[in-house]
Amino acid sequence: MAEEKKKKEYNFREFSTCEATIQMLQKAAADGVETAFQRAAEMKACPIGADSACCKHCAMGPCRLNPKDPYSKVGVCGATIDTIAARNFSRMVAAGCAAHTDHGMTMLDVFREVVNGRIADYKIKDEEKLRSVAASIGIEVEGRETMEIAKDLYEELERTYTQVEGEIPFAKRVPEKTLETWRKHGIVPRGAMREIMEIMHRSHMGVDQDYENIVKQCSRTALADGWGGSMVATEISDILFGTPKPHVAGVNMGFLREDHVNIIVHGHEPNLFESMIDSVNDPDLIAKAKEAGAAGINLLGMCCSGAEVLSRHGVPHAGNFMSTEVVIATGAADAMAVDVQCIKQALVQMSECYGTKFFTTNPRAKIEGAQHVEFHEHEPRKCTNKVVEMAIERFRNRPGRVVIPQRRDMGVHGFSHEYINYMLGGTFRGSYTPLNDNIINGRIRGVAGVVGCTNPRVKQDWYHVELVKELIKNNVLVVQTGCSQIALAKAGLMKPDAAVLAGDGLAEVCETVGMPPVLGCGSCVDNSRILIACAEMVRVGGLGDKISDLPVAGAAPEYMSEKALCIGQYFVASGVYTVFGVTFPSLEGTKFHKLMFEGLEEMGFGKWGFATDPYEMARMMIDHIDKKREALGIMGPRERKLFDMADRRALD
Ligand code: NFS
Ligand code: SF4
C-alpha cells in the first residue's frame with residue numbers, strides 16, 4: 001500500500017535542529033518508516049479549527065464560522081465567535097488541568113498507601129521536605145512524629161481535589177496581594193474536581209454564553225492545576241523520591257549503548273520510573289542480561305518522567321517529545337515502557353517495525369496493538385521486572401542493524417526551588433535575597449520561564465534554543481522544565497561555561513555562584529516550582545507585592561498539548577506575561593482575543609502574548625520585563641556590590 005503513494009523527498013534539516021533526530025529521521029526514511037514530521041507536512045492543520053472558529057458541542061452543528069469575518073455569522077444556536085472560542089479554550093484548559101491533577105492524584109494515592117503502611121516499595125525519603133510542605137500550609141510540625149505529620153498532610157492535600165467550598169490548601173502559598181486579586185474576581189480555586197466539573201458544565205451547549213464569565217472559570221480551573229494538582233505532584237514526588245539537587249547528567253541518544261540491554265521509560269508519573277530504577281539494578285536481572293550476552297542493563301528516560309528522574313537522580317535522558325519515534329529507529333531500544341500522556345499512538349507501529357518491545361503499563365492508557373503489563377503501586381516490581389526480562393529477550397534476538405547517533409550532552413540539572421534558595425543564600429541563610437538584589441541592581445534584568453513541548457509543525461528545538469540564547473544575552477536568567485529543558489541541554493546551555501553566552505551582568509552572577517545561566521527544574525508539573533519561586537521573590541521584597549509586579553515572563557515556543565495551554569493560563573492568572581508560539585486558538589480582532597491578550601492584564605492578572613519568531617518573542621518578553629522594572633523604579637543602573645562568596649562566608 002505504501003508503494004502506491006509517491007514517496008516525497010524531505011529535507012530533514014527543516015524538521016529539527018537536533019542532530020541525533022535528523023540522523024534517525026534519515027535512517028527511518030531509508031527504512032521506509034514515516035514519523036509525525038512527515039505526517040504533519042502532509043496533513044495541513046485545519047485552518048478553521050486552528051482559529052477556534054468552529055463548535056461541535058451539540059448535534060445542531062458542528063457549526064463553522066468564517067475566520068476571515070468572524071462576526072458575519074453565528075452558530076445555529078446563535079453562539080458568537082467569542083462564546084465559541086472561549087468555550088473551546090476552556091475545555092482545552094480543563095483537559096490539561098485534568099491530566100496534571102490526575103497525575104498528582106496518583107502521587108497522593110501512593111503517599112496515602114505509604115502513610116497507612118500498605119506499600120513496602122516506596123517510603124518517605126525526604127522528611128525535611130515533608131515538614132516544610134506541611135508547615136507551609138499551617139500543619140503543626142514542631143515536636144511531632146513524621147508519620148503523624150504525614151497523615152495530616154495527606155488529609156489536607158486531598159482537599160486539593162475534593163474540596164467543595166473554600167480555598168485549596170496551597171492558596172496559603174500565594175502572595176497576599178495576588179490572592180486578593182483572585183478573591184476580588186472570585187477565582188480562588190476549590191477542589192480541582194469541582195472546577196473541572198463546573199467548566200465542563202458551563203461550556204456545554206446553552207449554558208455560559210458570556211466569554212468574560214467563561215474565562216473567569218477557565219482561570220479558576222487552571223489555578224486548580226498550577227497551585228493544586230501540579231503542585232501536589234511535585235511536592236509529593238519530592239517527599240517520596242527526594243528533592244532534586246544539581247548534578248551533572250547526560251542527555252541525547254548517544255546514551256543508548258549497543259552492548260547493553262536498553263530500556264526507555266517514556267511518560268509522566270515517576271512511580272513507574274522509580275521502580276524501573278530498582279529493577280535495572282537488581283543483581284538477578286543483571287545476571288540474566290549478562291547471560292544473554294549483554295554487558296549490562298541501561299536505563300534512559302524520555303519526555304517528562306525522564307526530565308524528572310534526570311533532575312532527581314541523573315538518569316540519562318534520550319530526547320524530548322519529537323524524538324520519541326526516531327529513538328526506536330536506532331534499533332537499540334530493546335524495550336519502551338510508557339504510562340500516561342504525550343505517548344504517540346504511532347509508537348506501537350514504529351516498535352513493530354524495529355522489533356522493540358513496547359509496553360503500556362497504566363490502566364488509564366492502553367494502546368491498541370501494544371502489550372499491556374499493568375503497573376500496581378502495591379507490587380510495582382512485578383511490572384518493571386517483567387519489562388526488563390522481555391527487554392533481555394529482545395536483546396538476545398536483536399533483529400536488524402543498530403545505529404546509535406553519537407551525541408552525548410552533559411549539563412547540570414536539578415534546580416529545585418529549595419536548592420536555588422540554598423545556592424544563592426548559603427547553608428545557614430537560604431534566601432532569595434541575593435537574587436532579588438541582583439535584579440534590583442540590574443545585573444540580572446529579570447527571570448524567564450521557558451518551557452513546554454516540541455511540535456512537528458515547527459523546527460524541533462530551534463525556537464527553544466534561539467529564544468533562550470537571546471534572553472540570556474540580555475541578562476535574563478532562564479528557568480526551564482519539560483521538553484524545553486531537554487532542547488537546551490542538547491544545545492549545551494545547561495553547563496556553567498554557557499555563561500559566556502550571557503550578558504555581562506548575568507555572566508558575573510553565574511560565575512560567582514557557579515551556576516549555568518539556564519536552570520533546569522524538571523518536568524511539566526514542576527512548573528509549580530517556578531510559581532513557588534515567584535511567590536518567594538515577592539515575599540523577600542523589593543520587587544513589588546504581587547506576582548504581576550515581578551520582572552518575569554514565560555514562554556512555550558513550540559507547545560502542542562492542552563496541558564501546555566493550562567500551564568499558560570495558570571501563569572497568566574497568577575500574574576505572568578506568557579508568550580506562546582506555533583499557533584494560538586483565537587482570532588485576532590475578536591473580543592475574546594482582546595481579553596486574553598490585553599484585558600486580563602488590566603484586571604490585575606498577567607496576559608497572553610503570541611509570536612512565531614523566537615527573536616520577536618524574546619523582544620516581547622524583555623520589553624515586558626523592562627516595563628515592570630520601570631514601574632518598580634529600578635530601571636537605571638545602580639551600583640550595588642554583588643553578594644559574593646566572601647559575603648556569604650562572613651554571614652556564615
Ligand atoms: Ni509537558 Fe510532558 Fe513534553 Fe509537552 Fe508532553 S512530555 S507534560 S506536554 S510534550 S513538554
Ligand atoms: Fe452550533 Fe451552538 Fe451546537 Fe455549537 S452549541 S454546535 S454553535 S448549535
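**C453, two ligands and some salt bridges**

I will start with one residue: C453 sits in the loop that runs between β11 (446-450) and α18. Before I go on, please keep in mind that this is a predicted model.

Is C453 buried or exposed? C453 has a relative accessible area of 7%, and the cut-off for buried is under 20%, so C453 counts as buried. Apart from residues up to four places away in sequence, C453 touches H464, C483, E558, Y559, M560, S561 and A564.

C453 also belongs to the surroundings of ligand 1. Which residues surround ligand 1? They are H268, C303, C304, F321, C342, G452, C453, C483, C524, M560, S561 and K563. By type, the shell around ligand 1 holds eight nonpolar residues, three polar ones and one charged one. Domain 2 (253-396) and domain 3 (422-651) each supply at least three residues to the shell around ligand 1.

The UniProt record has something to say here. In an unreviewed entry, the annotation "binding site" is placed on H268, C304, C342, C453, C483 and C524. These residues span 257 residues in sequence, but no two of their C-alpha atoms are more than 13.3 Å apart, so they gather at one spot. Each of the annotated names, including C342 and C453, can be found again in the list of residues surrounding ligand 1.

Now C342. C342 is located in the loop between β7 (335-338) and α14 (346-354). Its relative accessible area is 21%, so C342 is partly exposed. If we leave out neighbours within four places in sequence, C342 contacts H266, H268, F321, M560 and K563. One of these, M560, is also touched by C453.

The backbone at C342 deserves a word. C342 is not a glycine, yet its phi is positive, at about 65 degrees. As background, most residues other than glycine have a negative phi, and most peptide bonds are trans.

C303, another residue around ligand 1, has a positive phi too, near 55 degrees. Where is C303 found? C303 is in helix α12, which covers residues 303-313. With a relative accessible area of 2%, C303 is buried.

On to ligand 2. Its surroundings are C55, H57, C58, M60, G61, C63, G75, V76, C77, A79, R87 and M205. The shell around ligand 2 divides into eight nonpolar residues, three polar and one charged. G61, one of the residues of that shell, leads into a cis peptide bond: the bond from G61 to P62 has omega near 0 degrees. P62 itself is in the loop between β1 (54-55) and β2 (63-64).

Next, the overall layout. The protein chain is divided into domain 1 (81-241), domain 2 (253-396) and domain 3 (422-651). How far apart do the C-alpha centres of domain 1 and domain 3 lie? The answer is 23 Å. In terms of contact, 38 residues of domain 1 meet 34 residues of domain 3.

Last topic: salt bridges. The count for the model is 49 salt bridges. I will show three examples.

In the first example, K129 and E235 form a salt bridge through their side chains, with 2.6 Å from N to O. This pair connects distant parts of the chain, 106 residues apart: K129 is in helix α5 (residues 127-136) and E235 is in helix α9 (residues 211-241). K129 and E235 are both buried.

The second example pairs D152 with R144, and the closest N and O atoms are 2.9 Å apart. D152 has a relative accessible area of 29%, so D152 is partly exposed.

The third example is K473 with E470, where the distance from N to O is 3.5 Å. Why is K473 described as partly exposed? Because its relative accessibility is 49%, and exposed requires over 50%. K473 and E470 are three residues apart, about one turn of the helix, and both lie in helix α18 (residues 462-473). Some salt bridges share partners, and in this way K129, R173, E235, D238, E308, R312, E418, D526 and R529 are joined into one network.

To go back to the start: C453 is buried, while C342 is partly exposed, and ligand 1 has both C342 and C453 around it. That is what I have for today.

Note on methods: Residues are numbered from 1 along each chain as its sequence is written. Chains are lettered from A and ligands numbered from 1 in the order in which they are written. This is a predicted model: local features need pLDDT of at least 70, side-chain atom pairs count only at pLDDT 80 or more; totals for chains, interfaces and linings use all residues. Side-chain values use heavy atoms; hydrogens and water are left out. A salt bridge is a side-chain nitrogen of Lys or Arg within 4 Å of a carboxyl oxygen of Asp or Glu. Helices (H or I, at least four residues) and strands (E, at least two) are DSSP runs, numbered from the N terminus. Buried means under 20% relative accessible area, exposed over 50%, partly exposed in between (1.4 Å probe, protein chains only). A residue is near a molecule or strand if one of its heavy atoms lies within 4 Å of it. Ala, Val, Leu, Ile, Met, Phe, Trp, Tyr, Cys and Pro count as nonpolar, Asp, Glu, Lys and Arg as charged, and the others, Gly among them, as polar. Domain bounds come from an automatic or database domain assignment. UniProt positions are given in the numbering used here, feature names are shortened, and annotations may be inferred rather than shown by experiment. Contact means heavy atoms within 4.5 Å.
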